[in-house]
Amino acid sequence: MAKITLSKLRHSYMPNPKSDSDYALKEIDLDWQDGGAYALLGPSGCGKSTLLNIISGLLIPSEGQILFDGKDVTKLPPDQRNIAQVFQFPVIYDTMTVYDNLAFPLRNRGRDEATVERRVMAIAEMLEVTEMLGQKAAGLSPDNKQKISMGRGLVREDVNVVMFDEPLTVIDPHLKWKLRSKLKELHQRVKATMIYVTHDQTEALTFADQVVVMQLGEVVQIGTPVELFERPAHTFVGHFIGSPGMNILPCTYDGAAKIEGHPVALEGPVRGTPTGKTEIGIRPEFVSLTTEGLPATVTKVSDVGRHTVVECNCLGHKVNAVIDEGTAPSKGDQTHLAFRTDQTRLYVDGWLATDPE
Amino acid sequence: MKTENQKAWFFVLPVLLLVAFNALIPMMTVVNYSVQETFGDNVFFWQGLDWFQQILRSDRFHAALGRQFLFTFLILIIEVPLGIAIALSMPRKGFWVPVCLVLMALPMLIPWNVVGAMWNIFTLPDIGLLGYFLNHTLGINYDMTQDPIAAWVTIVTMDVWHWTSLVVLLSYAGLVSIPDAYYQAAKIDGASNWSVFRYIQLPKMKTVLTIAILLRFMDSFNIYTEPFVLTGGGPGNSTTLLSIDLVKIALGQFDLGPAAAMSLIYFAITLLVSWLFYTLMTKDDQN
């Protein structure tokens, strides 16, 4: 187990990258604490798999270093890094039994059979696959196959980090939840550093203590699930996390924020003097329908079970509001919107520019 | 409501007719010959299973069958590992992929009798490139019209040259279908190159290899044109494989009865070996 440090990491798939856009990963500095559960969250093509492959050693970065407990491993091949990786599609050695699959990484490293047996039995019990040990791995269901490929990672005592590359993609929805809680439980039992790559916010937020949100090869925010939800550092995070995502409304700022001339109170002081594109960000959960405030027309009402999502046209902009209970408006109603002041933030060129009072 | 009638049979009829004309009817005429004796003029005498007994007891048949199995065994034992090895060393992506594929496909595009003629000329001791080189440059006494060993080396080499590509192309197709994650996982698990081959590549190639071996078995077991053009079965009878012997009996000696019986035995052996092999190879998958 180890602390992982990424220092000035950049990677490009081109031989001679020139501009910033040639880089799949743009300058990343990160510290991952020993034993933490992390998620790398971002849309497809944001560079999260590239980052994962660099940590596992399948890819050598163009620039920068990776340190495990302060030791430079940038150029080490995967088998010398003591890492484990679980892939999107379960990787199983078809011709072997489940037992042999689990024993494979240990046998390759020349462990004696007694140690192999002790570890395999322990892991099998942890994953609840003990009764399948004698079976051919080829005949297993996808979720069990994925469990076995996880097990192959966990079976070594000295793993620095276990990485998951969208491991639930091929799992049936009703088993996803089960496997996810199994993962969480495993993390608590084995105390290994775990990095979980996904584009699914529910998976990231339920698994991780710390979520790293990436976009276009850059880390936009690192934080706990609550921080990401409450104070997105970038409009992208606001959009990407939450359902529906944060409302982002273009505004003007001259000492006070105004949407189409209507003043809107912000959570607190604005850092510096904003130059560039200014926007107001407010989560739908903190928008309420009132009798005074910004005038709006209801354009769509969707009942999503526990609450109702009301889509409004507010001064030419689309605003979502989440209404818990009570009187839901109907389509075409004229209403007014109020934003909860301590949750109303100003973004300048996409980045958060207000501090709480 | 379910309508029950026999109209569906009409859809099967064209195929049935086709199979009847290209397989069943010709085959039945062979069956017909195999149990009778004829002296021409469409006069037939009933022989029962005499021809079958005669063929099965004849040393000549045993010798030809032995040579046939030896030939097939030799080419399989060379072509399959060699084909896999070539497929493994071929590039998986980039400019050289189509170049390699075309080069590999070329020998298979050459007509069989041309292959026989090419190798015949190629190995002539006085003017053939290989024959001259072996005899005059290396000083090895090599003449396949005189020496049975030389004849065998030549027909086996020729078949390897002609058909290894088939194994290569099929194995290659199996190899490129393996997702990268398998290789990455193996790297992380610390697997050796041999383990990667044994536990990832070979199992993933199993289906295509089964087909490749089956095709090579049937083709080589029934081979006629190339050895006929190359050696004509000689020197002596040393390269007289089953099909060559069969043609000698049927057309050379005009013994239609024994030839027909031999054809059926020949067919039965090919069918039986193919079936056994296929059943053994696919047994695991059904469990």
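Me: Why is helix H1 of chain A described as largely enclosed by the rest of the structure?

Reply: The description rests on the count of buried residues, a residue being buried if 20 or more other C-beta atoms lie within 10 Å of its own, exposed if 12 or fewer, and partly exposed in between, with C-beta atoms placed from the backbone. In H1(A), residues 48-56, 7 of the 9 residues are buried, so the helix is largely enclosed. The buried residues are Lys48(A), Thr50(A), Leu51(A), Leu52(A), Ile54(A), Ile55(A) and Ser56(A). Just after H1(A), Gly57(A) has a positive phi of about 95°.

The model is predicted: local features need pLDDT of at least 70 and side-chain atom pairs count only at pLDDT 80 or more, whereas totals for chains, interfaces and linings use all residues. Residues are numbered from 1 along each chain as its sequence is written, with chains lettered from A and ligands numbered from 1 in the order in which they are written.

Me: What makes a stretch of chain A a helix or a strand, and how many of each are there?

Reply: Both are DSSP runs numbered from the N terminus: helices are H or I over at least four residues, strands are E over at least two. Chain A has 8 helices and 22 strands. Its C-alpha trace spans about 75 × 50 × 35 Å along the principal axes, and 41% of its 357 residues are buried.

Me: Which strands does H1(A) lie across, and at what angle does it run to E7(A)?

Reply: H1(A) lies across E3, E6, strand E7 (161-165), E8 and strand E9 (210-215) of chain A, and runs at about 150° to E7(A). Axes are lines fitted to C-alpha atoms, for helices over the stretch in contact, and angles run from 0 to 180 degrees between N-to-C directions.

Me: What makes E6 and E10 the edge strands of their sheet?

Reply: Two strands pair if DSSP finds at least two bridges between them. The open sheet has 6 strands in the order E6-E7-E8-E3-E9-E10 (chain A), with mixed pairing. E6 and E10 (218-223) each pair on one side only, as edge strands. The twist averages 20° from one strand to the next.

Me: How do you know that E3(A) pairs with E8(A), and in which sense?

Reply: E3 (residues 37-41) and E8 (residues 193-198) of chain A share 5 bridges, where at least two are required, and therefore count as paired, in the parallel sense. Ala37(A) has Met194(A) as its bridge partner, and Tyr38(A) has Ile195(A). E3(A) also pairs with E9(A) in the parallel sense, over 4 bridges, with Leu41(A) opposite Val213(A). Because 4 of its 5 residues are buried, E3(A) is largely enclosed by the rest of the structure.

Me: What makes a group of residues a nonpolar core, and which residues have the most contacts inside the largest one?

Reply: A nonpolar core is a set of buried Ala, Val, Leu, Ile, Met, Phe, Trp, Tyr and Cys residues joined through C-beta atoms within 7 Å. The largest has 78 residues, and those with the most contacts inside it are Ala39(A), Leu40(A), Val161(A) and Tyr196(A). H2(A) gives the most to this core, with 6 residues. A second, separate core of 24 residues includes Val264(A), Ala296(A), Ala321(A) and Leu346(A).

Me: Which residues does Ala39(A) contact, leaving aside its neighbours within four places in sequence?

Reply: Contact requires the C-beta atoms of two residues, placed from the backbone, to lie within 7 Å. Ala39(A) is in contact with Tyr196(A), Thr198(A), Ala204(A), Phe207(A), Ala208(A), Val211(A) and Val212(A).

Me: Why is Thr297(A) called partly exposed, and why is Gly255(A) called exposed?

Reply: Thr297(A) has 13 other C-beta atoms within 10 Å and is therefore partly exposed. Gly255(A) has 7, and so is exposed. Thr297(A) belongs to strand E17 (residues 294-303) of chain A, while Gly255(A) lies in the loop between strand E12 (252-253) and strand E13 (257-259).

Me: How many residues does each chain give to the contact between chains A and B?

Reply: Chain A gives 19 residues and chain B gives 13. On the side of chain A, strand E6 (83-86) and helix H2 (98-108) are the elements that give two or more residues.
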